[in-house]
Amino acid sequence: MTYYLQLLLNGMVAGSVYAMFAVGLTMVYGVFRFINFAHGELIAWGAYLVLLFYLEPCSLPLYAAVVPALLVTVLIGLAQDRFVYKPLRHSSHITLLIASIGLSYLLRNAIRLIWGSDLMTYGLGLTRGISFAGLSITWIQIAMVGAALVFLGFLYILLNFTILGKSLRAVSDNMDLADIMGISMKRIGLTVWLLASVFAGTGGILLALDTNLEPMMGLTNLIKAFAAVLLGGAGNVWGALLGGLFIGIAENVGVAFFSPGYKDFISFAVIILMLLFRPRGIFGIAGGVR
Amino acid sequence: MAVATAASAGDAVVGAVTPLTGKLAVYGEGFQKAMNLALDEVNAEGGINGMPMKIVFEDNNSTSKGSVSAIQKLITIDKLPVIFGPAASSNFLAVCPIAQQNKTILIGAESAAADITKCGSYVFRVFPSDLLQGIGVAELAKSLGYKEVVLTYINNDWGVGLADVFKENFKKEGGKILDEFAHEEGKTDYRSEILRIKRINPKAIVNLTYIKEGATLLRQAYEANMSTQWLMGSASKSPKLVELAGGAAEGVIGTYPTFSQETPEYKHYKDAWDKKYPGGKTPIFGEYNYDMVKLTAKALKAAKSMSADDIREALIAESQGFVGVTGDKSFDANGDCGATYGRWTVKDGKIVDYK
């Protein structure tokens, strides 16, 4: 029994981070109507930038390195939009999709160029996990769930109780109508990229704290986020959140039934099944940030 | 006696594809020197039944492409019956089929890949196959008194092959595998794998993997409050393992192929090296290159003719019980030889010999 509870716990930890990635990805889709394949690279850049500010010559303490790292991640997110997606805003979805794939290659290989392909760590000391009732969890994992709760709670308030959040939802419902109503598209665009970058960057940093850094970390997690987005219905923020949690739990509990080596197959299976049978997500709602 | 056509009559000539330029050049020079050292000794002792032995070196620019053109030249233009293959398993594997098709003997001194075993009847190597590590680790587990272990291995040709050899040998010795599963290459989260091990709570875990994966597994097992003995192979024996896993690597025990530096053969090699190349350190794998040339010379002397088929027969016969600097080089049916294993462990953050 403890075994299954521990699997569930691990799944919730993984799922809460996937949820953070998926929410950003789905918000960009909701407003701009394309899946940003370079979203994964914001995850990796967030993590690597902490390394940059943490190591020589900056040598900031780890918690302080997070601030400039997230700032630069946001700048990268905004630059993605300003220099690549904005000039292409009125092109077809395929063009945007291809551009985002290209951009992801560019950003990933920039990481390889600067930091190399080798596995890296923040080099923090090793700690035993905390044990309770036969289950074990590390402080970092608690922080992962905590951060996800704080960020997603913030998002809930933003979307439901502020004018900005309501405008954001209006835009993703119908961009043209929202524009006519005087909602500033520029402001909404900025907000979406800011949120997506911060969520991705923070998740990336937490993942790197928990495990380690490698240039492919963005791509691997993008697949999970993508599966979560499809599960929740593209553009559906709370759907993506639940989707992320579901994928995390399914992956980890699945280990009880088949070899852990094939864990990653769950997210791919979800992608294929959802695209085949429920392309609008399990909640079956069409589009929009809800 | 028939003589290789490209050589002047009365010479025993063999070829060598060696990285003299490119990224492996720094090693290639050492290989060449070690081969020449052995060659000098062979010729000082009367060569091949009175004929001087010669090695035609062809550079491969450290690439597979370069290796292929080099071996094609040695086979088609120089028409040599024996060729010493290039360093790096990928380069060696690139030339294997060419040698096999042309019925030319190919011998390797630095190639560890398990696939080389399947290269064919004309391909030999004096360097131990990675697969032998499976046997080495089985012996390690047995000698440390672990009768029941959990086995995990990296999910690729190398890992699966190694695990099969381990299982076969461990079970033969009466060992029991409590659970076994593959882990994927390059992942950063192996917690589910660790949980699965933890549920069984074995005394020892055999983990046949690389450095990155090994370090992550060790680290996350430590975080999950697991304390079991890890047994590993040589592919994870690296200071990088300790750097990545930190204190979690402490106490790991593993095996690695080695040879004794206490034997008279080694002493002879070392003295001869210092005499011929004063002031230089013996190069990495130099001993294997030296053994390769010595063994080949022995086979050439015994061969009925200089045809590849006759030399091949002699090579297998003469290798039985041949003890070189790097140990016993008796070829098996696949042209592989055995190995002796050393043991490593991590103590106070350093990789040291386990005693």
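Is Asn221(A) buried or exposed? In this predicted model, Asn221(A) is buried, because its relative accessibility is 9% and the limit for burial is under 20%. The legends below start from that residue and move on to other close-up views.

**Figure 1. Asn221(A) sits in helix H9 of chain A.** The helix covers residues 217-232. Setting aside neighbours within four places in sequence, Asn221(A) touches Tyr18(A), Phe21(A), Ile43(A) and Leu207(A). With a relative accessibility of 9%, Asn221(A) belongs to the buried residues.

**Figure 2. Lys224(A) and Asp264(A) form a salt bridge in chain A.** Here the closest N and O atoms are 3.0 Å apart. The pair links distant parts of the chain, 40 residues apart: Lys224(A) is in helix H9, while Asp264(A) is in the loop between helix H10 (237-254) and helix H11 (265-277). The two partners also fall into separate burial classes: Lys224(A) is buried, with a relative accessible area of 6%, and Asp264(A) is partly exposed, at 22%.

**Figure 3. Chain A is built from eleven helices and two strands.** Read from the N terminus, the order of its elements is α-α-α-α-β-β-α-α-α-α-α-α-α. The radius of gyration is 19 Å, close to the 19 Å that the globule rule gives for 290 residues, so chain A is as compact as a globular protein of that length. Along the principal axes, its C-alpha trace spans about 55 × 50 × 35 Å. Of the 290 residues in chain A, 52% are buried. If you look at contacts between residues at least 6 apart in sequence, 76% of them join residues at least 24 apart.

**Figure 4. Chain A and chain B meet in a contact that buries about 2,700 Å².** Carbon and sulfur atoms account for 48% of that area. Each partner brings its own set: 31 residues come from chain A and 31 residues from chain B. On the chain A side, Tyr3(A), Leu126(A) and Arg128(A) lose the most area to chain B, together 26% of what that side buries. Eight residue pairs are in polar contact between the two chains, counting pairs with both residues at pLDDT 80 or more. Helix H1 (residues 2-32) of chain A gives the most to the side that touches chain B, with five residues. By class, that side of chain A has ten nonpolar, 15 polar and six charged residues.

**Figure 5. One salt bridge is counted between chain A and chain B.** Its partners are the side chains of Asp210(A) and Arg191(B), with an N to O distance of 2.6 Å. Side chains of opposite charge can pair when their charged atoms come close. Over all chains, the count of salt bridges comes to 24.

**Figure 6. Lys33(B) and Glu29(B) pair within helix H1 of chain B.** The N to O distance of this salt bridge is 3.8 Å. The two residues are four apart in the helix, which covers residues 25-44, so about one helical turn separates them. Lys33(B) is partly exposed, with a relative accessible area of 29%, and Glu29(B) is partly exposed too, at 45%.

**Figure 7. Lys73(B) and Glu58(B) join a helix and a strand of chain B.** Their closest N and O atoms are 2.8 Å apart. Lys73(B) lies in helix H2 (residues 64-77) and Glu58(B) in strand E2 (residues 53-59), so the salt bridge ties together parts that are 15 residues apart in sequence. Lys73(B) counts as partly exposed at 27% relative accessibility, whereas Glu58(B) counts as buried at 17%. Elsewhere, salt bridges that share partners bring Asp210(A), Arg191(B) and Glu223(B) into one network.

**Figure 8. Thr104(B) occupies a loop between helix H3 (89-101) and strand E4 (105-108) of chain B.** Although placed in a loop, Thr104(B) is buried, with a relative accessibility of 4%. Beyond its neighbours within four places in sequence, its contacts include Ile75(B), Leu80(B), Ala99(B) and Tyr122(B).

**Figure 9. Met232(B) lies in strand E9 (residues 229-232) of chain B.** At 0% relative accessibility, Met232(B) is buried. Leaving out neighbours within four places in sequence, its contacts include Val137(B), Asn207(B), Val252(B) and Trp344(B). The C-alpha atom of Met232(B) is 18 Å from that of Lys171(B), a residue 61 places away along the chain.

Key
Residues are numbered from 1 along each chain as its sequence is written. Chains are lettered from A and ligands numbered from 1 in the order in which they are written. This is a predicted model: local features need pLDDT of at least 70, side-chain atom pairs count only at pLDDT 80 or more; totals for chains, interfaces and linings use all residues. Side-chain values use heavy atoms; hydrogens and water are left out. Buried means under 20% relative accessible area, exposed over 50%, partly exposed in between (1.4 Å probe, protein chains only). Contact means heavy atoms within 4.5 Å. Buried area is the accessible area (1.4 Å probe) that two parts lose on being put together, summed over both. A salt bridge is a side-chain nitrogen of Lys or Arg within 4 Å of a carboxyl oxygen of Asp or Glu. A polar contact is a pair of N or O atoms within 3.5 Å; within protein, one must be able to donate a hydrogen and the other to accept it, and residues adjacent in sequence count only if both atoms are side-chain atoms. Ala, Val, Leu, Ile, Met, Phe, Trp, Tyr, Cys and Pro count as nonpolar, Asp, Glu, Lys and Arg as charged, and the others, Gly among them, as polar. The radius of gyration is taken over C-alpha atoms; the globule rule is 2.2 Å times the number of residues to the power 0.38.
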